[in-house]
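Welcome! Open your viewer, get the selection tool ready, and follow along one stop at a time.

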Amino acid sequence: GARVNTFIYVYFTDISRIANRLWDLPVSAVGADCVTHPGNLNILLDGPKRLGRGFGIVDARTTRLEPIEDLTRKLDRFAAAEWPVCWIAPSAALEFLPYPNAQAKMRRLTSAVQLVTGGTVSASAGR
């Protein structure tokens, strides 16, 4: 009788050919890498409102920090959306980056979210 939220996240691929199948899965939310395939951002924006979203907007495969203006511009596109939940994340796991660089990327992402939301952000991240 336990209720479990499930979240499917697609890495390193264009989801245009599978988007309709993703929307039909028995999941709570759908997310995708929006760095390797920037078009995924629009596909996620256009999906059904009943499902939460996950946007991988920070490049997990480079130590270069994204300009905060680029991040806030992307975040502005979906800040007012009415999905059940919205995750903002790197494009994939950060295990290949040096730890200080991964931390800097997550701090930059958190700052961008706080700028767009006026300082309100619920963040959860592991070490």
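What covers the buried residues of H3? Keep that question in mind while you get your bearings: the model in your window is a predicted one.

**Stop 1: helix H3**

Select H3, residues 68-78. Colour Leu71, Thr72, Leu75 and Phe78, which are the buried residues to look for here. Now turn the view until you look down the axis of H3: its buried residues fall within an arc of 120 degrees, so they line one face of the helix. There is a simple rule behind such patterns: an α-helix has 3.6 residues a turn, so residues three or four places apart point the same way. Next, pick Arg73, Asp76 and Arg77, which are exposed on the other side of H3. And the cover you were asked about? It includes H2, S3, S4 and H4.

**Stop 2: strands S3 and S2**

Move on to S3, residues 52-58. Is it enclosed or open? Seven of the seven residues of S3 are buried, so this strand is largely enclosed by the rest of the structure. Add S2, residues 29-33, to your selection. S2 and S3 pair in the parallel sense, over five bridges. To see one of the partnerships, click Gly31 and then find Gly54, its bridge partner in S3.

**Stop 3: the largest nonpolar core**

Select Val30, Leu44, Phe55 and Ile57 and show their side chains. These residues have the most contacts inside the largest nonpolar core, which has 22 residues. Helices H1, H2, H3 and H4 and strands S2 and S3 each supply at least two residues of this core. As general background, nonpolar side chains tend to be buried together in soluble globular proteins.

Centre the view on Leu44. Beyond its neighbours within four places in sequence, Leu44 is in contact with a list of residues including Ile15, Trp23, Val30, Phe55 and Trp83. Apart from the largest core lies another one, of five residues; Ala60, Ala92, Leu94 and Leu97 are among them.

**Stop 4: helix H4**

Now choose H4, residues 99-117. H4 has 19 residues and reaches 27 Å from its first C-alpha to its last, close to the 27 Å expected at 1.5 Å a residue. Which residues of H4 are buried? Colour Ala102, Lys105, Leu109, Ala112 and Val113 to find them. Look down the axis of H4 as you did before: the buried residues fall within an arc of 100 degrees, so they line one face of this helix. Their cover includes S3, H3 and strand S4, residues 86-90. Pro100, Arg107 and Leu115 are exposed on the other side of H4. Just after H4 comes Gly118, with a positive phi near 75 degrees.

**Stop 5: the aromatic rings**

Finally, show the rings. The structure holds seven aromatic pairs. In one of them, the ring centres of Phe7 and Trp87 are 4.2 Å apart and the planes meet at 20 degrees, so the pair is stacked. Phe7 sits in strand S1 and Trp87 in strand S4, 80 residues apart, and the pair links these distant parts of the chain. Another pair, Tyr9 with Tyr11, is tilted, at 4.6 Å centre to centre and 45 degrees between the planes. Tyr9 is buried, at 17% relative accessible area, whereas Tyr11 is partly exposed at 42%. To finish, select Phe7, Tyr9, Tyr11, Phe12 and Trp87 together: ring pairs link them into a cluster.

Note on methods:
Residues are numbered from 1 along each chain as its sequence is written. This is a predicted model: local features need pLDDT of at least 70, side-chain atom pairs count only at pLDDT 80 or more; totals for chains, interfaces and linings use all residues. Side-chain values use heavy atoms; hydrogens and water are left out. A nonpolar core is a set of buried Ala, Val, Leu, Ile, Met, Phe, Trp, Tyr and Cys residues joined through side-chain atoms within 4.5 Å. Buried means under 20% relative accessible area, exposed over 50%, partly exposed in between (1.4 Å probe, protein chains only). Helices (H or I, at least four residues) and strands (E, at least two) are DSSP runs, numbered from the N terminus. Contact means heavy atoms within 4.5 Å. The expected span of a helix is 1.5 Å times one less than its number of residues. The arc is that of the directions from the helix axis to the C-beta atoms. Rings of Phe, Tyr and Trp (its six-membered ring) pair if their centres lie within 6.5 Å; planes under 30 degrees apart count as stacked, over 60 as edge-to-face and the rest as tilted. Two strands pair if DSSP finds at least two bridges between them.
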